[in-house]
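Me: I would like to go through this model step by step, with the reasoning given before each answer. Please look at the sequence and the structure first.

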Amino acid sequence: MSTIVNDLFALQQILARGDSAPAAKMALIQPLRERVPPAILAHFLRSLACGRRGVSLVRHGVCSECHIRVARATIHSLARPTDLHLCESCGAFLMLAPEEMPEAVPAPTPLAPAGPRRRGRPATLVVA
Ligand SMILES: [Zn+2]
(Lines give C-alpha, C1' and ligand atoms only; values in the text may rest on other atoms or scores of the structure.)
Protein backbone atom coordinates (compact mmCIF):
# COMPACT_ATOMS: atom_id res chain seq x y z
CA MET A 1 0.00 0.00 0.00
CA SER A 2 2.86 2.37 0.63
CA THR A 3 3.86 2.22 -3.02
CA ILE A 4 0.42 3.51 -3.97
CA VAL A 5 0.85 6.55 -1.75
CA ASN A 6 4.40 7.02 -3.00
CA ASP A 7 3.20 6.85 -6.62
CA LEU A 8 0.39 9.31 -5.92
CA PHE A 9 2.80 11.66 -4.15
CA ALA A 10 5.22 11.53 -7.10
CA LEU A 11 2.36 12.30 -9.49
CA GLN A 12 1.22 15.16 -7.26
CA GLN A 13 4.73 16.63 -7.34
CA ILE A 14 4.79 16.48 -11.16
CA LEU A 15 1.30 17.95 -11.52
CA ALA A 16 2.09 20.73 -9.02
CA ARG A 17 4.68 22.15 -11.40
CA GLY A 18 1.80 23.17 -13.64
CA ASP A 19 3.88 23.07 -16.80
CA SER A 20 2.21 20.07 -18.38
CA ALA A 21 -0.67 20.22 -20.81
CA PRO A 22 -3.93 18.40 -19.99
CA ALA A 23 -3.05 15.64 -22.46
CA ALA A 24 0.33 15.20 -20.79
CA LYS A 25 -1.36 15.05 -17.38
CA MET A 26 -3.66 12.30 -18.61
CA ALA A 27 -0.62 10.43 -19.92
CA LEU A 28 0.90 10.61 -16.43
CA ILE A 29 -2.30 9.43 -14.76
CA GLN A 30 -2.97 6.55 -17.17
CA PRO A 31 -0.30 4.14 -15.81
CA LEU A 32 -1.70 4.63 -12.31
CA ARG A 33 -5.13 3.47 -13.43
CA GLU A 34 -3.71 -0.03 -13.77
CA ARG A 35 -2.04 -0.12 -10.34
CA VAL A 36 -4.23 2.02 -8.09
CA PRO A 37 -7.77 0.93 -7.15
CA PRO A 38 -10.36 3.20 -8.82
CA ALA A 39 -11.85 4.51 -5.57
CA ILE A 40 -8.44 5.58 -4.28
CA LEU A 41 -7.45 7.26 -7.53
CA ALA A 42 -10.83 8.99 -7.73
CA HIS A 43 -10.44 10.36 -4.19
CA PHE A 44 -6.94 11.58 -5.05
CA LEU A 45 -7.99 13.25 -8.30
CA ARG A 46 -11.05 14.82 -6.66
CA SER A 47 -8.81 16.41 -4.03
CA LEU A 48 -6.54 17.82 -6.73
CA ALA A 49 -9.52 19.11 -8.69
CA CYS A 50 -10.70 20.97 -5.58
CA GLY A 51 -7.32 22.64 -5.26
CA ARG A 52 -6.12 20.54 -2.33
CA ARG A 53 -3.30 18.06 -2.06
CA GLY A 54 -4.22 14.43 -2.48
CA VAL A 55 -1.26 13.24 -0.44
CA SER A 56 -0.06 15.15 2.58
CA LEU A 57 3.25 14.69 4.37
CA VAL A 58 3.23 14.32 8.13
CA ARG A 59 6.05 16.29 9.74
CA HIS A 60 6.51 16.59 13.50
CA GLY A 61 3.15 14.88 13.96
CA VAL A 62 1.25 17.50 11.94
CA CYS A 63 -0.53 17.12 8.59
CA SER A 64 1.17 19.51 6.15
CA GLU A 65 -2.13 20.20 4.33
CA CYS A 66 -4.41 21.27 7.18
CA HIS A 67 -1.83 21.71 9.99
CA ILE A 68 -3.84 19.60 12.40
CA ARG A 69 -2.07 17.16 14.68
CA VAL A 70 -2.32 13.55 13.57
CA ALA A 71 -3.11 10.84 16.10
CA ARG A 72 -0.01 9.20 17.51
CA ALA A 73 -1.25 5.72 16.62
CA THR A 74 -1.66 6.80 13.01
CA ILE A 75 1.90 8.16 12.93
CA HIS A 76 3.20 4.84 14.21
CA SER A 77 1.22 3.07 11.49
CA LEU A 78 2.71 5.38 8.87
CA ALA A 79 6.19 4.29 9.95
CA ARG A 80 5.24 0.74 8.99
CA PRO A 81 3.15 1.34 5.91
CA THR A 82 0.85 -1.56 5.29
CA ASP A 83 -2.37 0.36 4.82
CA LEU A 84 -3.65 3.71 3.61
CA HIS A 85 -4.46 6.42 6.13
CA LEU A 86 -6.53 9.53 5.59
CA CYS A 87 -6.22 12.74 7.54
CA GLU A 88 -9.33 12.98 9.70
CA SER A 89 -9.45 16.72 9.15
CA CYS A 90 -8.73 17.34 5.45
CA GLY A 91 -9.12 13.87 3.96
CA ALA A 92 -5.71 13.74 2.29
CA PHE A 93 -3.80 10.49 2.13
CA LEU A 94 -1.10 10.64 4.77
CA MET A 95 2.54 9.85 4.20
CA LEU A 96 5.32 10.17 6.74
CA ALA A 97 7.96 12.68 5.62
CA PRO A 98 11.05 10.86 4.34
CA GLU A 99 13.31 12.49 6.94
CA GLU A 100 11.08 11.16 9.73
CA MET A 101 10.90 7.62 8.43
CA PRO A 102 12.77 5.28 10.79
CA GLU A 103 15.89 3.73 9.25
CA ALA A 104 15.03 0.17 10.00
CA VAL A 105 12.21 -1.14 12.03
CA PRO A 106 13.63 -3.86 14.28
CA ALA A 107 11.95 -7.21 14.09
CA PRO A 108 10.14 -8.22 17.23
CA THR A 109 12.30 -10.37 19.43
CA PRO A 110 10.91 -13.77 20.26
CA LEU A 111 10.20 -14.44 23.87
CA ALA A 112 12.91 -16.26 25.80
CA PRO A 113 12.06 -19.88 26.38
CA ALA A 114 10.88 -20.65 29.84
CA GLY A 115 13.15 -22.65 32.09
CA PRO A 116 12.40 -26.21 33.08
CA ARG A 117 9.16 -26.51 34.94
CA ARG A 118 9.33 -27.86 38.42
CA ARG A 119 6.77 -30.32 39.48
CA GLY A 120 5.82 -31.35 42.95
CA ARG A 121 6.28 -29.49 46.17
CA PRO A 122 8.64 -26.55 46.35
CA ALA A 123 11.91 -27.11 48.14
CA THR A 124 11.82 -26.33 51.84
CA LEU A 125 14.53 -24.64 53.77
CA VAL A 126 15.83 -26.73 56.67
CA VAL A 127 17.38 -24.80 59.53
CA ALA A 128 19.56 -26.82 61.84
ZN1 LIG B 1 -4.91 17.09 7.09
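Me: In which loop is His 67 found?

Reply: This is a predicted model, in which local features need pLDDT of at least 70, side-chain atom pairs count only at pLDDT 80 or more, and totals for chains, interfaces and linings use all residues. Residues are numbered from 1 along each chain as its sequence is written. Helices (H or I, at least four residues) and strands (E, at least two) are DSSP runs, numbered from the N terminus. On that numbering, His 67 is found in the loop between strand 2 and helix 4 (72-79).

Me: Is His 67 buried or exposed?

Reply: A residue is buried if 20 or more other C-beta atoms lie within 10 Å of its own, exposed if 12 or fewer, and partly exposed in between, with C-beta atoms placed from the backbone. His 67, which has a positive phi of about 60° although it is not a glycine, has 10 C-beta neighbours inside 10 Å and therefore counts as exposed.

Me: Which residue in the loop between strand 1 and strand 2 (62-63) is found there with a phi near 55°?

Reply: The phi near 55° is a positive value in a residue other than glycine. With 10 other C-beta atoms within 10 Å, this residue is exposed, and its name is His 60.

Me: In what order do the elements of the protein chain run from the N terminus on?

Reply: The secondary structure of the protein chain comes to four helices and three strands. From the N terminus on, these elements run α-α-α-β-β-α-β.

Me: Which element supplies the largest share of the largest nonpolar core?

Reply: A nonpolar core is a set of buried Ala, Val, Leu, Ile, Met, Phe, Trp, Tyr and Cys residues joined through C-beta atoms within 7 Å. The largest one has 14 residues, and Leu 8, Val 55, Val 58, Phe 93, Leu 94 and Met 95 touch the most other members. Helix 1 (2-16), strand 1 (55-59) and strand 3 (93-96) each supply at least two of its residues, while the largest share, four residues, comes from strand 3.

Me: How many residues of helix 2 are buried?

Reply: The expected span of a helix is 1.5 Å times one less than its number of residues, so the 14 residues of helix 2 (residues 22-35) should span 20 Å, which agrees with the 21 Å between its end C-alpha atoms. Helix 2 is hardly covered, and the count of buried residues among its 14 residues is zero.
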